[in-house]
There are 2 protein chains.
Amino acid sequence: MEIRTYIEQLAQRSKKASFALRSVPAIHKNRALSAIAGFLDGSRNRIQEANAEDLRRGKSSGLSAAMLDRLALDTKRIDAMIQSVREIAAFEDPVGEVIGVKRPQGFILEKVRVPIGVIAVIYESRPNVTIDAAALCLKSGNGVILRGGSEAYESNRVLTEIVREGLESADLPQDSVCFVESKAHESVNWLVKQENSVDLVIPRGGESLIRAVVREATIPVIKHYKGVCHLYIDEDADLDMAVNVVHNAKVQRPGTCNALETLLVHVNVSERFLPMMGEKLKDVELRGCERTRKIFTGVKAATEEDYYAEFLDLILAVRVVDSMDEAIAHIETYGSKHTDGIITRDVKKAQKFSELVDSAVVTINASTRLSDGGVFGLGAEIGISTDKLHARGPMGVKDLTCVKWVVRGNGHLRIL
Amino acid sequence: MEIRTYIEQLAQRSKKASFALRSVPAIHKNRALSAIAGFLDGSRNRIQEANAEDLRRGKSSGLSAAMLDRLALDTKRIDAMIQSVREIAAFEDPVGEVIGVKRPQGFILEKVRVPIGVIAVIYESRPNVTIDAAALCLKSGNGVILRGGSEAYESNRVLTEIVREGLESADLPQDSVCFVESKAHESVNWLVKQENSVDLVIPRGGESLIRAVVREATIPVIKHYKGVCHLYIDEDADLDMAVNVVHNAKVQRPGTCNALETLLVHVNVSERFLPMMGEKLKDVELRGCERTRKIFTGVKAATEEDYYAEFLDLILAVRVVDSMDEAIAHIETYGSKHTDGIITRDVKKAQKFSELVDSAVVTINASTRLSDGGVFGLGAEIGISTDKLHARGPMGVKDLTCVKWVVRGNGHLRIL
């Protein structure tokens with residue numbers, strides 16, 4: 001079959017399933033989630049065989065050790081997937097919540113939380129995203145179409161099969177969770193054009209994936225883009241606190257999107273602060289502006305590219321600035337609107353910074369690493385949205401719903 | 001200057017102005033809105049001269065009488081524009097509202113309402129949209145770029161000039177409200193690609209405009225699309241109520257997007273209901289399915305096209321269905337996800353209908369004409385969103401904002 005036709009039919013099937021999901025009660029969805037958790041537990045061998053196949057291919061095609069590590073599903077990671085499904089089952093159901101009730105002109109007006117419809121999730125490498133996305137979309141009453149990276153094809157395919165067996169055993173349509181059985185990039189291009197069946201596209205991944213999806217899509221997209229996170233050390237900062245926060249933000253888990261990538265330091269404290277910081281961040285490679293390199297001789301010069309970079313590694317760009325405004329302008333130019341923070345004792349400056357920095361999360365005297373759905377108490381997250389519309393920052397199960405207005409009248413008419 | 005360069009520079013100017021607007025206090029924005037209302041009041045001759053020019057051109061290029069009427073700005077319509085700006089000034093300010101506060105791990109976590117940034121509004125004919133969009137975007141702290149229809153070019157240009165004079169007199173950047181001084185369609189195509197400066201595109205208008213914007217845009221779009229509104233008369237309906245509601249929904253103001261376009265009638269009541277309705281809707285042209293035409297002999301047959309049509313006129317498509325499921329399937333196929341309703345005494349069916357019909361507004365025993373920002377108590381509306389994400393249904397000034405998370409710590413670090 002042509003890829004275009006295949007994708008159109010898959011999207012139609014997903015839409016049909018999502019129609020059924022619209023009015024499925026919470027208890028029924030949770031029964032399906034429990035079944036899925038049980039089936040995953042009973043299918044460990046099958047999962048690991050498929051994963052071994054992906055790993056074999058990955059090795060022979062020369063994937064890096066880091067990529068292979070992200071791809072691997074050991075017992076601990078399978079445990080974590082099962083645990084995640086059980087946790088999602090235990091969440092409060094987001095569908096049907098009445099957000100507001102009014103009686104504007106005699107009739108009852110309700111604003112109700114409802115499923116979005118069909119969500120296409122396009123992602124790379126880690127196979128656990130398959131399970132998280134499937135469980136979160138089911139919980140929120142949405143059909144989902146999964147298009148994982150080709151390097152994890154066999155693992156994702158088997159995980160989806162198991163999910164569909166769980167759905168069937170709980171009498172829900174198997175097509176509630178669909179999997180794109182094509183490694184061709186063309187399948188992504190057709191998927192993001194199914195505006196008659198698909199309501200939302202969530203791409204998670206690198207710049208080239210996101211750009212391709214945005215360019216091709218005729219459907220709303222919520223981007224889960226990189227995190228080029230900044231901390232600005234103000235002249236009024238508590239420098240001891242600043243050193244600890246910078247260390248935590250950079251070192252605690254450098255491979256995550258909320259880790260620190262660029263440090264901005266006010267010139268009035270740079271000569272005191274930078275040596276203190278250098279002492280604590282011994283294992284971090286610095287790339288500095290000219291003024292930074294006067295303090296740390298021998299440090300590499302930071303390039304334009306470094307300021308745009310998400311290093312995801314023990315590398316930190318450092319720039320001395322003359323004012324908070326200069327710091328904010330730097331973040332506006334080079335940032336990714338993810339998470340950016342200030343260290344200062346001055347409440348007014350903190351407020352100004354939080355208003356002017358156009359990021360999903362702004363931290364004041366705190367580590368950028370706190371920007372996380374788990375830490376924020378949202379439960380499992382589908383990701384961290386770097387877009388502004390609909391959902392911004394850590395995106396939980398509620399953000400996979402939309403609203404509907406229900407007018408309950410008794411023959412009410414419009415008069416004026 | 002090339003159109004592309006012109007649009008890029010305009011978008012940059014708007015972005016710069018929107019940066020300043022982010023932290024402007026409510027009182028300052030309201031002062032500007034009052035100044036704008038005053039300047040409009042003092043510029044009636046200038047507005048009417050420009051409008052006369054548009055009307056002259058419209059007549060000589062053969063615009064329909066209905067189009068010319070939409071274009072015309074008489075004293076009453078200018079009064080209404082001024083009134084609208086004053087009302088928007090009096091609204092509660094949406095920016096800075098703290099939507100939620102938590103202390104998940106010792107630090108304070110706030111979810112705060114903030115402006116979106118720069119909004120491009122693309123619209124047709126009615127010049128009052130220029131003033132409404134400018135005032136609503138200013139109120140919500142957003143920069144706006146206005147691209148009105150070429151038929152209203154002179155009116156829109158003069159109205160924007162007056163707004164900018166008002167902004168200047170209140171010491172706010174003139175570029176808070178920008179106007180695309182180009183009638184070329186190419187300017188729209190470039191405008192919707194300024195993803196580095198523009199955050200949201202709102203197209204209001206016909207199908208071809210919306211399709212062109214969605215196809216070209218690399219920026220999130222919230223569509224304000226047509227309303228193909230349905231009422232389903234259930235077998236358990238109060239038929240007297242049904243007649244009154246259908247009459248109100250169709251006749252009270254047929255040219256609006258929330259007016260009724262297609263009526264679906266359960267077969268068990270069609271022989272009683274349709275003659276009652278025909279009596280009351282004497283001035284309405286019916287287009288019926290086969291079974292309808294057995295009751296109303298001489299009525300035109302409804303075509304596929306009629307079921308998709310937004311008549312905006314005293315025309316009604318009528319179809320007899322065998323069940324509520326068939327009615328819901330009809331709405332799913334032909335509807336525009338705007339406003340659809342049911343007339344029934346059966347609470348269970350009403351609930352099922354409201355869950356399964358995928359529209360922004362579902363009415364139960366009430367006129368579709370109630371689907372309106374004013375009736376719903378939202379104040380002035382930027383329009384009625386037929387999209388599901390971010391804002392759905394009547395879209396008020398709050399829907400022109402997004403959220404930001406602010407973490408207020410005291411050296412808080414991520415531990416796990």
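This is a short tour of a two-chain model, with something to select at each stop.

**Before you start.** This is a predicted model, so local features need pLDDT of at least 70 and side-chain atom pairs count only at pLDDT 80 or more, while totals for chains, interfaces and linings use all residues. Residues are numbered from 1 along each chain as its sequence is written, and chains are lettered from A and ligands numbered from 1 in the order in which they are written.

**Stop 1: chain A.** Select chain A and switch on the cartoon. You'll find 15 helices and 16 strands; these are DSSP runs numbered from the N terminus, with H or I over at least four residues for helices and E over at least two for strands. The radius of gyration is 24 Å, close to the 22 Å that the globule rule gives for 416 residues, so chain A is as compact as a globular protein of that length (taken over C-alpha atoms; the rule is 2.2 Å times the number of residues to the power 0.38). Its C-alpha trace spans about 70 × 70 × 35 Å along the principal axes. Of its residues, 53% count as buried, meaning that 20 or more other C-beta atoms, placed from the backbone, lie within 10 Å of the residue's own.

**Stop 2: where the chains meet.** Now show both chains. Here 57 residues of chain B are in contact with 57 residues of chain A (C-beta atoms, placed from the backbone, within 7 Å). On the chain B side, β16(B) gives the most, with 11 residues.

Next, pick β16 of chain A, residues 401–412, and β13(B): 5 bridges join them, and they run parallel (strands pair if DSSP finds at least two bridges between them). Click R408(A) and look for its bridge partner in β13(B), I364(B).

**Stop 3: α15(B).** Stay in chain B and pick out A350(B), F353(B), S354(B) and E355(B), the buried residues of α15(B). What covers them includes β16 of chain A, along with α14, β12 and β13 of chain B.

**Stop 4: two helices side by side.** Finally, select residues 75–90 (α5) and 128–139 (α6) of chain B. Their axes are 10 Å apart, at an angle of about 10°; axes are lines fitted to C-alpha atoms over the stretch in contact, and angles run from 0 to 180 degrees between N-to-C directions. The two helices are therefore roughly parallel, the word for angles under 35 degrees. To see where they touch, show side chains: M81(B) and V85(B) are among the α5(B) residues here, and I131(B) and L136(B) are among those of α6(B).

Terms used
Angles under 35 degrees count as roughly parallel, over 145 as roughly antiparallel, 65 to 115 as roughly perpendicular and the rest as oblique. Two residues are in contact if their C-beta atoms, placed from the backbone, lie within 7 Å. A residue is buried if 20 or more other C-beta atoms lie within 10 Å of its own, exposed if 12 or fewer, and partly exposed in between; C-beta atoms are placed from the backbone.
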